[in-house]
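Biologist: Please walk me through this structure. I will ask, and you reason it out.

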Amino acid sequence: MEEKKTTPPSPPPAAVVDDAFIKKALLDGHFASPEDIAKAEEYAHGHHTALSEYLFNEELLSRPLLGEAIAEALHTQYLDLSANLPERDLALKIPKEFAQERRVILVKEDKDGVLVATDVPETAVLVADVSKLLGGKKVRACYSFGNAIDQALSLYKEKLSVRFTEILKKEQKMAPEIVGQIIEDAIALKASDIHLEPQEGEVIVRFRIDGVLEDAGSLPKPQYENILNRIKIEARLRIDEHTKAQDGAIRYKKENVHADLRVSIIPTLTGEKVVMRLLGEYLRTLSLAELGLTPEYQAKLTELAERPYGMILTVGPTGSGKTTTLYALLRLLNDTSVNITTIEDPVEYRIPRVNQVQVSEQSGLTFVNGLRTIVRQDPDVILVGEIRDFDTAEIAVNASLTGHLLLSSFHANDAATVIPRLLDMKVEPFLLASTLMVIVAQRLVRKICPHCKVSETISAEILLKQFPKLSPFIKEKEVSTYHGKGCPQCNGSGYRGQIGIFEFITVSAAIQELTLARAPANQIESAARAEGSKSFFEDGLEKVNEGVTTFEELFRVALPPTVLKAPAPPKRAARPAPPAPVIKVDA
């Protein structure tokens, strides 16, 4: 007779790791002072957010340190599950229903026993039940954050298209469930954008992950209207409008999953296409170093940002990280003695003690009108989300001339074209020359996944066959390269996360002279390179040398400079241009 399998009984209700629990854990373990906790509680109450949010923003606490504090209060250890995601086959040794109900993930298994991660405080009962489930093996349980557990539980999910089919069979509440599945998958994969693209017979769902679009699944075309209407209702858009573009926003909340999304809908020949931009909360805590700025660039930018007036511009295409860099600067400048005011469209990340103004075309609060008012609000630092036209540019330049530090972004392909474009917008050369301090152009490249990163040495001949334009930079016969093999942590891509490559032009006396002379971009670039400025490609090549990214990724977003050695700028003796970076090789 076949033995009947028994399911371990459900445990008693677990204690909740809420703000009260975290407060006690931080104070008992001396991870934070009572004064800091009091400020954090005041901030959390006023902004309807978690206690830890203030501590993160003020850099009084890091996520790993908070994890250790909670784990210590629970008499266990902290495990950063996001950096130790197990293989899917290993995780599935614990049945799906048990894992989801008990919020437990099998992380490691060896001859001595197994290691599991959970965000449920009462680990004693859980350990006993997991041990029974795995045939009496010794079990050690560690604490991990709830969002990391949620991400790990996605290992149990079928592919999105399979889940779509299962949902459509139910024929009830299909649209809300499908939209929820799409958003939750995008969050778990840390996608920046969700695309719903109607074709003749189906709707393709794609996610932009680390800057690259990837197919996620597809939907039957007849069901798309219900899904589209659901998105429009959530974004407070008109469901009867099918011929005009519409923009809205969604605040998605479901249990432990929270996300803010910007929604854009546009009619195409095959139906209305939807793009939803996910506003990642983790981005606002990045430092200048984490963005990819070299120590030299960090020091230069910090020095200029501490000046009482002048203008700092970040430039690049949409999605190149301009806003993230500006927010990193704001966090650096944010102090009780400084009045910081921003005007943005939209306000993507909220920062404590910063006065953030949302542009509203309907009410007449444009960049121009808002900026005029902000100047009368006694600001020390002003952030303008984007300089789009002459009026905004003129007010921004005048504000930086009259004792304000002004930060803004600008759409341009590289740093050298910014000055000619602003002059073409009718900004006076003498005003621009006396206010602009630095131009930071940037792009994003994918980082090699640290969990499956490997190195190899190949001949320069083979490398140059693949990348002929590397020829001026290769000086040895063999070259050390790095790449990711692909693993569960990077979803098999070999890449995980993004980092910036940068191009700096500091407005020196020579650049000021060229501005006054309305010099073209190529002369400005030559003068900047003569003073030590590096191109995107050269900055990225250093990151390739360090094993941060790959040649393939670098060539995807940047090309080698056309001139490796720049002539001296006019009317000024130039320092010699820096030598071209050389690929590191094995001894």
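Modeller: One definition to begin. Two strands pair if DSSP finds at least two bridges between them. Also, keep in mind that this is a predicted model.

Biologist: Over how many bridges do β5 and β6 pair?
Modeller: Strands of a sheet pair through backbone hydrogen bonds, either parallel or antiparallel. β5 and β6 take the antiparallel sense. In this pair, Val203 stands opposite Leu219 of β6. The number of bridges between β5 and β6 is eight.

Biologist: Which residue in the turn between β5 and β6 has a positive phi?
Modeller: Most residues other than glycine have a negative phi. β5 and β6 form a hairpin, with two residues between them. In that turn, a positive phi of about 50° belongs to Asp210.

Biologist: Which strands are at the edges of the six-stranded sheet?
Modeller: The order in this open sheet is β6-β5-β4-β9-β8-β7, with antiparallel pairing. An edge strand pairs on one side only. That describes β6 (212-220) and β7 (246-254).

Biologist: By what angle are neighbouring strands of that sheet turned against each other on average?
Modeller: Direction is ignored here. The average turn between neighbours in this sheet is 20°.

Biologist: Which residue of β9 is the bridge partner of Val263?
Modeller: β8 (residues 257-268) and β9 (residues 271-278) pair in the antiparallel sense, over eight bridges. In β9, the partner of Val263 is Met276.

Biologist: Which helix packs on this sheet, touching β5 and β6?
Modeller: The helix spans residues 160-170. Its direction makes about 25° with that of β6. The helix is α9.

Biologist: Now the other sheet. Why is one side of β12 and of β18 left without a neighbour in the sheet?
Modeller: Seven strands form this open sheet, in the order β12-β11-β13-β14-β10-β15-β18, and the pairing is mixed. β12 (355-358) and β18 stand at its edges. One side of each is free because each has a single partner strand.

Biologist: In β13 and β14, which residue stands opposite Val381?
Modeller: β13 and β14 run parallel, joined by four bridges. Opposite Val381, in β14, is Leu405.

Biologist: What angle does the direction of α15 make with that of β11?
Modeller: α15 packs on the seven-stranded sheet. The strands touched by α15 are β11 and β13. With the direction of β11, the angle is about 170°.

Biologist: Around the axis of α15, what arc do the buried residues cover?
Modeller: In α15 (residues 367-375), the buried residues are Phe367, Val368, Gly370, Leu371 and Ile374. They lie on the same side of α15, because the arc they cover is only 165°.

Biologist: What covers those buried residues of α15?
Modeller: Two strands are among the cover, and a helix too. The cover includes β11 (340-344), β13 (381-384) and α16 (390-401).

Biologist: Which helix gives the most to the lining of the largest cavity?
Modeller: The count comes to one cavity of 30 Å³ or more. About 40 Å³ of space lies in the largest cavity. Its lining includes Leu168, Met174 and Gln223. α11 (224-234) supplies at least two residues of the lining, but the most, three residues, come from α10.

Biologist: And which element gives the most to the lining of the second largest pocket?
Modeller: This pocket has a volume of about 310 Å³. Of its 21 lining residues, the closest to the centre are Asp414, Glu503, Glu525, Ser535 and Phe536. β18 (495-506), α21 (521-530) and α22 (536-545) each supply at least two. The most, three residues, come from α21.

Biologist: Is Glu53 buried or exposed?
Modeller: Glu53 is found in α3 (residues 51-57). Buried means under 20% relative accessible area. Glu53 has 16%, so it counts as buried.

Biologist: How many Å apart in space are Glu53 and Ala40, C-alpha to C-alpha?
Modeller: In sequence, Glu53 and Ala40 are 13 residues apart. In space, their C-alpha atoms are apart by 7.7 Å.

Biologist: Is His30 buried or exposed?
Modeller: His30 is found in the loop between α1 (19-28) and α2 (34-47). Its phi is near 55°, a positive value. Exposed means over 50% relative accessible area. His30 has 70%, so it counts as exposed.

Biologist: What is the relative accessible area of Arg236?
Modeller: Arg236 lies in the loop between α11 and β7. Its phi is positive, near 60°. Arg236 is exposed, with a relative accessible area of 79%.

Terms used:
Residues are numbered from 1 along each chain as its sequence is written. This is a predicted model: local features need pLDDT of at least 70, side-chain atom pairs count only at pLDDT 80 or more; totals for chains, interfaces and linings use all residues. Side-chain values use heavy atoms; hydrogens and water are left out. Buried means under 20% relative accessible area, exposed over 50%, partly exposed in between (1.4 Å probe, protein chains only). The arc is that of the directions from the helix axis to the C-beta atoms. Contact means heavy atoms within 4.5 Å. Axes are lines fitted to C-alpha atoms, for helices over the stretch in contact, and angles run from 0 to 180 degrees between N-to-C directions. On a 1 Å grid over the protein atoms alone, a cavity is a set of points where a 1.4 Å probe fits but cannot get out, and a pocket is an open set with protein on both sides within 12 Å along at least five of seven lines; lining residues have an atom within 4 Å of a point. Grid points are joined across faces, edges and corners, and a volume is the space filled by probe spheres set on the points.
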